[in-house]
Amino acid sequence: MKTTEDILIVDLEATCWEGRPPRGQESEIIEIGVCILNTGTGKISKNEGILIKPRLSKVSPFCTELTTLTQNILDNEGIALEDAFDILKAEYDSEELTWASYGNYDLSMLRNQAERFYIDYPMSDDHINVKTLFGQIHPGIRKSVGMNRALGELGLVLEGTHHRGVDDARNIARILYWCLKNQK
């Protein structure tokens, strides 16, 4: 695994429904939670949530309950996905830094959305799946576990709101730092 001294942590939130999406709608990114983890010190910096206005779907009541994000918030504060990708490249050096997410959903979703909307993929090829890494390193875990359970296994309390990218990115960074300190 190639790592840079600073690792970009990404956590996506996307439109979602309790069942199948309504006709004509599809899951798309509505928040890119990011932060930078310094692998030497464990310091977490530049933590923010980039809100994105969905093009093809609307935020469902189920999605709002899960993420606290509403269609109104995204209509008023969201930006275009292309602009969010530009922020990742310009302000977070996303094409150069190793980046990490909890599981492969974020990796797949970023690739799929870039392809779907004909936007240049903003990330480097060096990706760490923190969920898999944690399962490999933690002595009491034999399979992959959710982020909240991983925090609990480490005696850490979830900071912020679960399923808000801005907060989940910071929590993932805390898990990754533990993994990097404890890998053999």
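Trainee: Hi! Let's start with Ile44. Where does it lie?
Mentor: Ile44 is in strand S3, which covers residues 44-51. Helices (H or I, at least four residues) and strands (E, at least two) are DSSP runs, numbered from the N terminus. One thing to keep in mind: this is a predicted model, in which local features need pLDDT of at least 70, side-chain atom pairs count only at pLDDT 80 or more, and totals for chains, interfaces and linings use all residues. Residues are numbered from 1 along each chain as its sequence is written, and side-chain values use heavy atoms, with hydrogens and water left out.

Trainee: Got it. Which residues does Ile44 touch?
Mentor: Setting aside residues up to four places away in sequence, Ile44 touches Cys35, Ile36, Leu37, Arg170, Ala173 and Arg174. Contact means heavy atoms within 4.5 Å. Ile44 and Asn171 are 127 residues apart in sequence, but their C-alpha atoms are 9.9 Å apart in space.

Trainee: And how much of Ile44 is exposed?
Mentor: Ile44 is partly exposed, with a relative accessible area of 27%. Buried means under 20%, exposed means over 50%, and partly exposed is in between (1.4 Å probe, protein chains only).

Trainee: You mentioned Ile36. How far is it from Asp75?
Mentor: Their C-alpha atoms are separated by 27 Å, and the two residues are 39 apart along the chain. Asp75 lies in helix H2 and is partly exposed at 33%.

Trainee: Arg170 came up too. What does its side chain meet in a salt bridge?
Mentor: Arg170 pairs with Glu159, at 3.3 Å from N to O. A salt bridge is a side-chain nitrogen of Lys or Arg within 4 Å of a carboxyl oxygen of Asp or Glu. Arg170 lies in helix H7 and Glu159 in the loop between H6 and H7, so the pair ties together parts that are eleven residues apart in sequence. Arg170 counts as buried at 19% relative accessibility, while Glu159 is partly exposed at 33%.

Trainee: Which residues are in that network of salt bridges?
Mentor: Glu159, Asp167, Arg170 and Arg174 are linked in it. You may remember Arg170 and Arg174 from the contacts of Ile44.

Trainee: How many salt bridges does the search find in the whole structure?
Mentor: Eight. Among them is one between Arg116 and Glu26, whose closest N and O atoms are 2.9 Å apart. Arg116 lies in helix H4 and Glu26 in the loop between S1 and strand S2, so this pair ties together parts 90 residues apart in sequence. Another joins Arg149 and Glu153, at 3.3 Å. Both of those lie in helix H6, four residues apart, about one turn of the helix.

Trainee: Switching topic: is Asp106 buried or exposed?
Mentor: Asp106 is buried, yet it has no salt bridge; Lys131, the nearest side chain of opposite charge, is 9.2 Å away. For charge, Lys and Arg count as positive and Asp and Glu as negative, with His and the chain ends not counted. Asp106 is in helix H4. Beyond its neighbours within four places in sequence, Asp106 contacts Val10, Asp11, Leu12, Trp99 and Ser101.

Trainee: What about pockets? What volume does the largest one have?
Mentor: About 380 Å³. Of the 19 residues lining it, Asp11, Leu12, Tyr102, His163 and Asp168 are the closest to its centre. On a 1 Å grid over the protein atoms alone, a pocket is an open set of points with protein on both sides within 12 Å along at least five of seven lines; a cavity is a set where a 1.4 Å probe fits but cannot get out, and lining residues have an atom within 4 Å of a point. Points are joined across faces, edges and corners, and a volume is the space filled by probe spheres set on them.

Trainee: Which element gives the largest share of that pocket's lining?
Mentor: Strand S1, with four residues. S1, H1, H4 and H7 each supply at least two.

Trainee: Last one: how many cavities of 30 Å³ or more are there?
Mentor: The search finds one, with a volume of about 30 Å³. Its lining includes Glu28, Lys53, Arg55 and Phe117.
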